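Visitor: I have a structure to go through with you. Could we begin with the cysteines and then move on to the strands and the interior?

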Amino acid sequence: MKFSPKQRRVLGWWYGADRERDAIICDGAVRSGKTVCLGLSFACWAMTQFSGRQFALCGKTALALRRNLLGELLPVLRRLGVKVEERRGERSLLLSWRGRENRFWLLGGRD
């Protein structure tokens, strides 16, 4: 997967030139890679900075979150060496990477 300069900036918000900012906003065309890029950046930040913590990935519905984010994000994480354990009954993911492990809850706005 090749990232544009803007996408690379988003991927590095937490360690790059934007690390002192409180938030980032991504705007652009539909299907331009914003969701996957932000999801990957969030997962990388969480997995490099924390272990034994819990995070939330939120969408309009848990089903929409699976369809719009996880379908593309999980294969990328696996290619990077992240062990992904899906727990569908709990609506959570357990990610393990380089001795760190964190749980990501999958939440919809109606939950």
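Guide: A disulfide is counted here when a pair of cysteine sulfur atoms lies within 2.5 Å. Please note that this is a predicted model.

Visitor: How many disulfides does the structure hold?

Guide: The structure holds zero disulfides.

Visitor: Why is Cys 37 not in a bond?

Guide: The closest cysteine sulfur to that of Cys 37 belongs to Cys 26 and is 6.7 Å away, which is too far for a bond. Cys 37 counts as buried because its relative accessibility is 2%.

Visitor: And what is the nearest cysteine sulfur to Cys 58?

Guide: For Cys 58 it is also that of Cys 26, at 17 Å, and Cys 58 is in no disulfide.

Visitor: Is Cys 58 buried or exposed?

Guide: Cys 58 is exposed, as its relative accessible area is 57%.

Visitor: Let us turn to the strands. Which way do β2 and β3 run?

Guide: Strand β2, residues 83-87, is antiparallel to β3, and five bridges join the two. Within this pairing, Val 84 stands opposite Leu 95 of β3. The two strands form a hairpin with four residues between them, and Arg 91 in the turn has a positive phi of about 55°.

Visitor: What about β3 and β4?

Guide: Those strands are antiparallel as well, with six bridges joining β3 to β4, residues 100-108. Leu 95 has Asn 102 as its bridge partner in β4, while Leu 94 stands opposite Arg 103. Two residues lie between the strands of this hairpin, where Arg 98 takes a positive phi near 50°.

Visitor: Which sense does β1 take with β4?

Guide: Strand β1, residues 54-59, pairs with β4 in the parallel sense over six bridges. One of the bridge partners there is Gly 108 of β4, which is matched with Gly 59.

Visitor: Back to β3. How many of its residues are buried?

Guide: Six of the six residues in β3 are buried, so the strand is mostly covered. Ser 92, Leu 94 and Ser 96 point one way, Leu 93, Leu 95 and Trp 97 point the other way, and all of them are buried.

Visitor: Now the interior. How many cavities of 30 Å³ or more are there?

Guide: The count comes to one cavity of 30 Å³ or more. The largest cavity has a volume of about 30 Å³.

Visitor: Which residues line the largest cavity?

Guide: The lining consists of Ala 43, Leu 57, Leu 73, Leu 74, Leu 77, Leu 93, Leu 95 and Phe 104. Two or more of the lining residues come from each of α3 (62-79) and β3 (92-97). Helix α3 gives the most, with three residues.

Visitor: What does the lining look like by class?

Guide: It has eight nonpolar residues, no polar residues and no charged residues.

Visitor: Where is Phe 104 found, and is it buried or exposed?

Guide: Phe 104 is found in strand β4, and it counts as buried because its relative accessibility is 1%.

Visitor: Which residues does Phe 104 touch?

Guide: Setting aside residues up to four places away in sequence, Phe 104 touches Phe 42, Ala 46, Met 47, Phe 55, Leu 57, Arg 91, Ser 92, Leu 93 and Leu 95. Leu 57 is 47 residues from Phe 104 along the chain, yet their C-alpha atoms are separated by 6.5 Å.

Definitions and conventions. Residues are numbered from 1 along each chain as its sequence is written. This is a predicted model: local features need pLDDT of at least 70, side-chain atom pairs count only at pLDDT 80 or more; totals for chains, interfaces and linings use all residues. Side-chain values use heavy atoms; hydrogens and water are left out. On a 1 Å grid over the protein atoms alone, a cavity is a set of points where a 1.4 Å probe fits but cannot get out, and a pocket is an open set with protein on both sides within 12 Å along at least five of seven lines; lining residues have an atom within 4 Å of a point. Grid points are joined across faces, edges and corners, and a volume is the space filled by probe spheres set on the points. Ala, Val, Leu, Ile, Met, Phe, Trp, Tyr, Cys and Pro count as nonpolar, Asp, Glu, Lys and Arg as charged, and the others, Gly among them, as polar. Buried means under 20% relative accessible area, exposed over 50%, partly exposed in between (1.4 Å probe, protein chains only). Two strands pair if DSSP finds at least two bridges between them. Contact means heavy atoms within 4.5 Å.
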